[in-house]
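The following exercises are to be worked through with the sequence and the model at hand. Each task is followed by a solution in steps.

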Amino acid sequence: MSEHTETLRSIVDAPPLSTTSDGLINGIQRHYVRTLGVHHAGFANNYKYQALAYTIRYHLMESWQATKEANHQKDGKRAYYMSLEFLMGRALGNAILNLGLDEQATEALNALGLNFEEMIDEEHDAGLGNGGLGRLAACFVDSCATLRLPVTGYGIRYEYGMFRQHIVDGCQTEEPDHWLRDGNVWELERPEYTQRIHFGGRVEKYRDENGVPRRHWIDTQDVLAVPYDTPIPGFKNRSVNTLRLWKSAATDEFDLGEFNAGSYPESVAAKNEAEHISMVLYPNDASENGKELRLRQQYFLASASIKDVLRQWVEQHDSDFSQFADKNVFQLNDTHPTVSVAELMRLLMDEYHLEWDEAWAITSSTMAYTNHTLLPEALERWPVHLFGRLLPRILEIIYEINARFLSEVAKKWPGDIERQHRMSIIEEGDTQQVRMAYLAIVGSFSVNGVAQLHSDLLVEGLFSDFYAMWPEKFNNKTNGVTQRRWMAWCNKPMSGLITETIGDGWVTRLDELRQLAPYADDAVFREKWAACKRRNKEQLAEVVEAECGVRFSPDALFDIQVKRIHEYKRQLLNVLHVIHLYNRIKRGDTVDWTPRCVLIGGKAAPGYYMAKQIIKLVSNVAEVVNNDPDVGDRLKVVFFPNYRVSAMETICPAADLSEQISTAGKEASGTGNMKFMMNGALTIGTLDGANIEIREEVGEDNFFLFGLTAEEVEGARGNYDPNTIIAADEDFTHVMKMLECGHFSQFEPGIFSSIVHAIRSSNDPWLVAADFRSYVDAQQQASEAYRDQERWQRMSIFNTAYSGKFSTDRTMQEYNRDIWKLEPVDLS
């Protein structure tokens with residue numbers, strides 16, 4: 001070993017960094033001056049945040065390297081979680097918590113005259129996701145690290161994440177979210193692992209030196225995938241996994257000849273086109289260009305990630321793939337990365353010269369698919385002509401997979417041509433489409449839903465033909481959330497009380513919260529519990545006043561609905577109830593009134609007209625209600641702008657009532673419902689998604705149930721008459737009259753006509769009118785329960801106590817037990 005290598009080894013084996021407050025102070029000062037080059041204290045807080053973040057990151061580096069080394073030496077089975085979204089939020093607080101440095105960091109910052117909360121607020125949310133799908137992926141990788149499972153996350157490093165939402169005159173406007181504008185302390189660029197990704201071109205046939213027919217994908221327009229790694233720390237266990245995000249780059253920065261000739265735009269055209277791939281999360285795919293960019297993103301993620309996994313395999317095992325399937329598994333998070341099935345086939349056959357049967361045996365033994373939607377329109381489908389132009393070799397492979405698959409279908413159901421049409425990966429019609437979910441099912445050994453109802457509906461409806469063919473593939477894995485971020489970090493008052501009462505084992509074993517249940521009958525404990533909730537409500541009230549200019553009273557019931565704005569999630573039903581309450585106040589019906597503060601938040605897709613109309617309606621209703629002197633503090637309403645992970649960390653601990661009111665049979669799972677439950681909120685909801693399992697855990701007496709069941713929703717198709725429902729309900733009639741007469745749009749006549757039409761339409765798939773009366777009655781039950789504070793606090797404690805099932809630790813253990821079969825990494 002050379003002298004230089006020994007010197008490097010001595011650095012790796014250097015004594016561990018000090019975890020005392022003095023050690024952190026030294027680190028912060030060193031990075032402030034030597035890393036950031038700042039020489040006096042008057043610079044902006046962002047420099048101080050970065051100095052703290054660099055210090056914390058240094059404490060992760062040793063464990064990160066140790067985890068990688070342990071994985072390499074063990075050469076055990078590994079999993080790769082592939083997701084187009086990772087809604088990570090802020091990293092600093094989570095890292096400090098998982099390192100166990102909360103007290104030391106607070107002491108160090110106090111000694112330096114800095115405020116911990118201000119430092120946390122300096123970090124930009126890593127908004128690389130649209131909602132539940134991306135946040136779930138973030139919780140999953142957190143739990144995998146805490147469980148010491150060798151799992152790597154793969155995603156895209158979007159330059160611009162989910163847009164920043166502004167509300168202007170009640171309407172949503174979008175602004176780019178350049179979350180990287182101040183750099184990202186937490187990532188490390190790994191250019192040595194850059195991958196080359198192909199698009200376009202054509203396929204050429206040839207025979208290799210042994211006369212075996214092969215395919216060349218040639219004349220391609222290539223882009224580079226440059227990896228950036230982020231450490232994902234487990235909770236106080238020295239385990240640090242990796243999230244690898246890919247940035248797209250041109251193979252050449254620019255054409256020097258074009259530049260020298262004066263053609264400046266043309267000289268950088270290739271660079272700009274390449275960088276578009278990782279520029280924006282979810283481009284609007286209403287146009288052909290938008291569709292093409294979205295498909296490019298999906299293939300870019302799949303190809304770069306699989307090439308990276310194969311690179312690591314070949315480095316350790318050469319080109320021997322005989323054990324590849326025993327030691328690798330890919331978890332496809334929804335349909336976005338499912339082109340991975342065909343890409344792994346391509347690489348094994350074209351690059352490593354495996355025969356079809358061997359390549360298929362490996363692929364179909366390593367791919368596992370998670371479905372996240374019951375809405376057929378949300379399943380990825382791509383026009384064959386677009387696929388063929390952009391990914392010609394991949395389309396060839398998909399055709400071959402489909403031909404072989406349909407041959408199996410024909411053997412099982414001879415002569416059933418209709419079934420073959422239904423199950424074909426290629427959908428016939430005026431425009432042929434590639435059904436990506438079907439490709440995933442055919443190419444995977446495991447297919448799971450994310451809540452028991454969702455999984456049941458998949459095999460009974462959407463994927464029933466595939467279930468009939470391969471029942472052994474299908475399973476359920478009910479989602480969860482990580483209690484580290486969503487309780488221990490974001491709800492310090494409550495988590496402190498819980499730890500004081502039952503110890504801190506719940507942070508990694510959430511089912512230990514059941515020990516809280518007997519304390520629901522302890523008056524002293526209930527009083528402490530209520531005090532924690534009030535502190536959280538006071539904090540949220542300050543944020544609401546700063547953001548929205550409306551003052552929430554902590555004495556009122558905090559009624560919260562925050563999630564992506566979509567018709568099936570029925571924010572519209574919520575605002576109809578608000579109008580009902582307002583109408584009651586105006587009519588003087590306020591005996592035994594429960595003051596209520598309603599907060600609705602979430603982002604609408606830029607091209608989703610009805611979702612934006614619902615935001616406008618909420619905003620207009622809020623404007624009227626909050627400025628009506630007859631209402632006073634009885635009712636307050638806000639639309640909370642720019643909902644994001646860091647906002648949820650303040651909103652969630654303060655909620656009294658959690659609105660989970662989707663049309664039954666439409667929500668796959670939901671995870672916001674779990675976060676609210678953990679933090680002691682009571683749920684008002686339908687029998688949809690994970691609501692069913694939440695109600696089973698906490699008991700029907702501690703859940704406000706309303707609405708049609710999934711079976712009743714299906715039964716209403718073709719038999720639905722909302723106008724008769726409205727006419728027969730005096731309260732509903734009053735609500736519709738206020739909406740239709742323009743009371744909430746006096747200076748914008750007719751602006752809500754599309755909403756009125758949707759409610760009154762017999763073709764309304766979301767059945768808003770059908771559930772109105774049941775919803776209003778359940779809301780009245782919630783109001784009555786809240787007035788009895790002893791009862792309410794008891795119900796709140798029960799919700800937290802019985803939330804143990806909904807930790808992603810449990811979810812990941814089930815994925816590992818039934819699908820991945822990984823051994824935890826030994827870091828002793």
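Two strands are said to pair if DSSP finds at least two bridges between them. The model is a predicted one.

**Exercise 1. Determine the strand order of the sheet that contains β15, β16 and β17, and state what packs on the sheet.**

Solution.
Step 1. Begin with a residue pair: W382 has V434 of β17 as its bridge partner.
Step 2. Extend this to the strands. β15 and β17 (residues 433–435) are antiparallel and are joined by 3 bridges.
Step 3. Place the third strand. The order is β15-β17-β16, in an open sheet of 3 strands with antiparallel pairing.
Step 4. Identify the edges. β15 (381–383) and β16 (426–427) each pair on one side only, and are the edge strands.
Step 5. Add the helix. α18 (residues 436–443) touches β15 and β17 as it packs on the sheet, and its direction makes about 40° with that of β17.

**Exercise 2. Follow the parallel pairings from β1 through β13 and β14 to β18 and β19, giving a residue pair where one is available.**

Solution.
Step 1. β1 (residues 78–82) is paired with β13 in the parallel sense over 5 bridges. M82 and L332 are bridge partners here.
Step 2. From β13, 4 bridges lead to β14 (residues 367–370), again with the strands running parallel. In this pairing Q331 faces A368.
Step 3. β14 in turn pairs with β18 in the parallel sense, over 3 bridges. A368 is opposite S446 of β18.
Step 4. β18 then pairs with β19 (residues 474–476), in the parallel sense and over 3 bridges. The partner of N448 in β19 is N475.

**Exercise 3. Decide whether the faces of β13 and β18 are covered or open.**

Solution.
Step 1. For β13, take one side: N328, F330 and L332 are buried.
Step 2. Take the other side: V329, Q331 and N333 are buried as well, and both faces are thus covered.
Step 3. Draw the conclusion for the strand. Because 6 of the 6 residues of β13 (residues 328–333) are buried, the strand is largely enclosed by the rest of the structure.
Step 4. Apply the same reading to β18 (residues 446–449). S446 and N448 on one side and V447 and G449 on the other are all buried, and both faces are covered.

**Exercise 4. Describe the surroundings of R346: is the residue buried or exposed, and which residues does R346 touch?**

Solution.
Step 1. Locate the residue: R346 lies in helix α13 (residues 340–351).
Step 2. Apply the cut-off for burial, which is under 20% relative accessible area. R346 has 2% relative accessibility and therefore counts as buried.
Step 3. Look for a polar partner. The side chains of R346 and E343 are joined by a polar contact of 2.9 Å.
Step 4. List the contacts, leaving out residues up to four places away in sequence. R346 touches H198, W217, Y299, S303, K307, E351, R393, I394 and I397.

**Exercise 5. Compare the backbone and exposure of D75 and R148, and state what their phi values have in common.**

Solution.
Step 1. Recall the background: most residues other than glycine have a negative phi.
Step 2. D75 has a positive phi, near 55°, and is not a glycine. R148, likewise not a glycine, has a positive phi of about 60°.
Step 3. Place both residues. D75 is in the loop between α3 (45–74) and β1, and R148 is in the loop between α7 (132–146) and β4 (151–156).
Step 4. Assign exposure. With a relative accessible area of 18%, D75 is buried, whereas R148, at 29% relative accessibility, counts as partly exposed.

**Exercise 6. Characterise the length, bend and burial of helix α33.**

Solution.
Step 1. Helix α33 (residues 768–787) has 20 residues and spans 28 Å from its first C-alpha to its last, close to the 28 Å expected at 1.5 Å a residue.
Step 2. Check the axis: α33 bends by about 30° at S774.
Step 3. Identify the buried residues of α33; among them are F772, Y775, V776 and Y786.

Methods. Residues are numbered from 1 along each chain as its sequence is written. This is a predicted model: local features need pLDDT of at least 70, side-chain atom pairs count only at pLDDT 80 or more; totals for chains, interfaces and linings use all residues. Side-chain values use heavy atoms; hydrogens and water are left out. Buried means under 20% relative accessible area, exposed over 50%, partly exposed in between (1.4 Å probe, protein chains only). Helices (H or I, at least four residues) and strands (E, at least two) are DSSP runs, numbered from the N terminus. Contact means heavy atoms within 4.5 Å. Axes are lines fitted to C-alpha atoms, for helices over the stretch in contact, and angles run from 0 to 180 degrees between N-to-C directions. A polar contact is a pair of N or O atoms within 3.5 Å; within protein, one must be able to donate a hydrogen and the other to accept it, and residues adjacent in sequence count only if both atoms are side-chain atoms. The expected span of a helix is 1.5 Å times one less than its number of residues. The bend at a residue is the angle between axes fitted to the seven residues ending there and the seven starting there.
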